[in-house]
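Here are a few remarks for a colleague who is opening this entry without having seen it before. Please keep the sequence and the coordinates at hand while reading.

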Amino acid sequence: MTWLFLANLGLWLAVYAPIQVLLPQQAELVDAAGKEAVFGLVTGVGAVVALIANPLIGLSSDRTTSRFGRRHPWTLAGALLGAVGLVVLSSASSVGVMVIGWCLVQAGLNGMLASLTSAVPDRVPVRQRAKVGGLVGVSQMLGTVLGAVVVTVLVSGLPAGYLACAAVVVAGALAFVLITPDVRLPVAARPALRWRELWVSPRRHPDFAWAWAAHFMINLGNAFGTLYLLYFLGDVVRHPSPEDGLLVLMLLYGAALAIGAFAVGARSDRTGRRRPYVLLAAGVMASAALLLAAWPTWTAALVAAPLLGVGFGGYWAVALALLTQVLPAASDRAKDLGVLNIANSLPQVVAPLLTTYVLAALGGYRGLFAVSAAATLCAAVLVTRVRSVA
């Protein structure tokens, strides 16, 4: 679990440091007047690649019979491909090259995500999955926070920031692959490859469908609330240094997320219940968004950041446990988790496309944060339809 944590940490650092800091800065350098549109285009196209790559690589992972294991080869290959994309971004000076680089990053790192996520149902008993889910949630938070620290404090300039992210993600993957064992799948036990299995029928597996929808809405609400924070701090709050302000918010968010993840994960495992904690987490996250909708100031952001953190940390701890308990078949874990991970990636497509409209039609960032709260509360309603998990 320690090495899984470190591999996830490197992965999320390489995802969120570009999303939170590097890509917005690069978009502004390429086209200052249209920075939101450039950023939305790059992240949106990359997210389309991510939602295709995740289940495809998961499907392949479930059927890999390599002597090195069925997950590890995809973990390492994904990290290396993601690093190549980050190197491309380090020298990108046009929108087209940015799109190519970010697509490589998303393809590689989502392949890595599919294989790493499968380690939880592969190796962790149900009674401990919320604790491990909390650990994975903390790795995502630390990746976000440390990513901001790395690219704003430890290194300077876009090229150095991208190269540092590439080094970290490869190091984490190598450590996990070289130090931990991976079970080899016998050729005789390999399931037949049928591409139609990428589809999971909502009629046959309704709990999987409801859990997917709830996960999608939580991530959509989070994307509305966080993707444009750097621009919010600069254009609305008028913070004298938006990058430094973002780092402060990420530190508050991260500390609260760790508390929420460990506290809620441990409690959920003790009681064996999942849904009540998802409802509680969604309510806390929605309150953070509503606070910013009513009071879009720096002071409100300082309060909202830890609220969002504790809510999202608690949600991730319980969500991973809940999601792994509604998987249709053990033989297709990585593929089915890849389908669930589309609910992580698809909001990155939808949110940038809708944000421009929301900002124009609903009163700017107040409206955007209100929509974020509405999406999060919708997730709470959807999770109540999951019947097989308490």
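The points below concern a predicted model, and they take up two helix pairs and one residue.

1. Two packed helices are described by the angle between their axes and by the distance between those axes. For helix α7 (residues 206-226) and helix α13 (residues 365-383), the angle is about 165° and the axes lie 8 Å apart. Because an angle over 145 degrees counts as roughly antiparallel, α7 is roughly antiparallel to α13, and the crossing of the two is left-handed.

2. The residues that bring this pair together can be found on both helices: α7 contributes W210, A213, A214, M217, I218, G221, F224 and G225, while the α13 side includes L368, F369, V371, S372 and A375, with T376, C378, A379, L382 and V383 also taking part. Sorted by character, the residues of this contact comprise 14 nonpolar and 4 polar ones, with no charged residue among them.

3. The second pair consists of helix α5 (residues 129-154) and helix α9 (residues 242-271), which pack at an angle of about 170° with their axes 8 Å apart, so that α5 runs roughly antiparallel to α9. The residues of this contact divide into 18 nonpolar, 7 polar and 4 charged.

4. Is S118, a residue of helix α4 (residues 95-123), buried or exposed? Its relative accessible area is 0%, and since buried means under 20%, S118 is buried. Apart from neighbours within four places in sequence, S118 is in contact with R71, R333, A334 and L337.

How values were computed: Residues are numbered from 1 along each chain as its sequence is written. This is a predicted model: local features need pLDDT of at least 70, side-chain atom pairs count only at pLDDT 80 or more; totals for chains, interfaces and linings use all residues. Side-chain values use heavy atoms; hydrogens and water are left out. Buried means under 20% relative accessible area, exposed over 50%, partly exposed in between (1.4 Å probe, protein chains only). Contact means heavy atoms within 4.5 Å. Axes are lines fitted to C-alpha atoms, for helices over the stretch in contact, and angles run from 0 to 180 degrees between N-to-C directions. Helices (H or I, at least four residues) and strands (E, at least two) are DSSP runs, numbered from the N terminus. Angles under 35 degrees count as roughly parallel, over 145 as roughly antiparallel, 65 to 115 as roughly perpendicular and the rest as oblique. A crossing is left-handed if the near helix is turned anticlockwise from the far one by less than a right angle, and right-handed if clockwise. Ala, Val, Leu, Ile, Met, Phe, Trp, Tyr, Cys and Pro count as nonpolar, Asp, Glu, Lys and Arg as charged, and the others, Gly among them, as polar.
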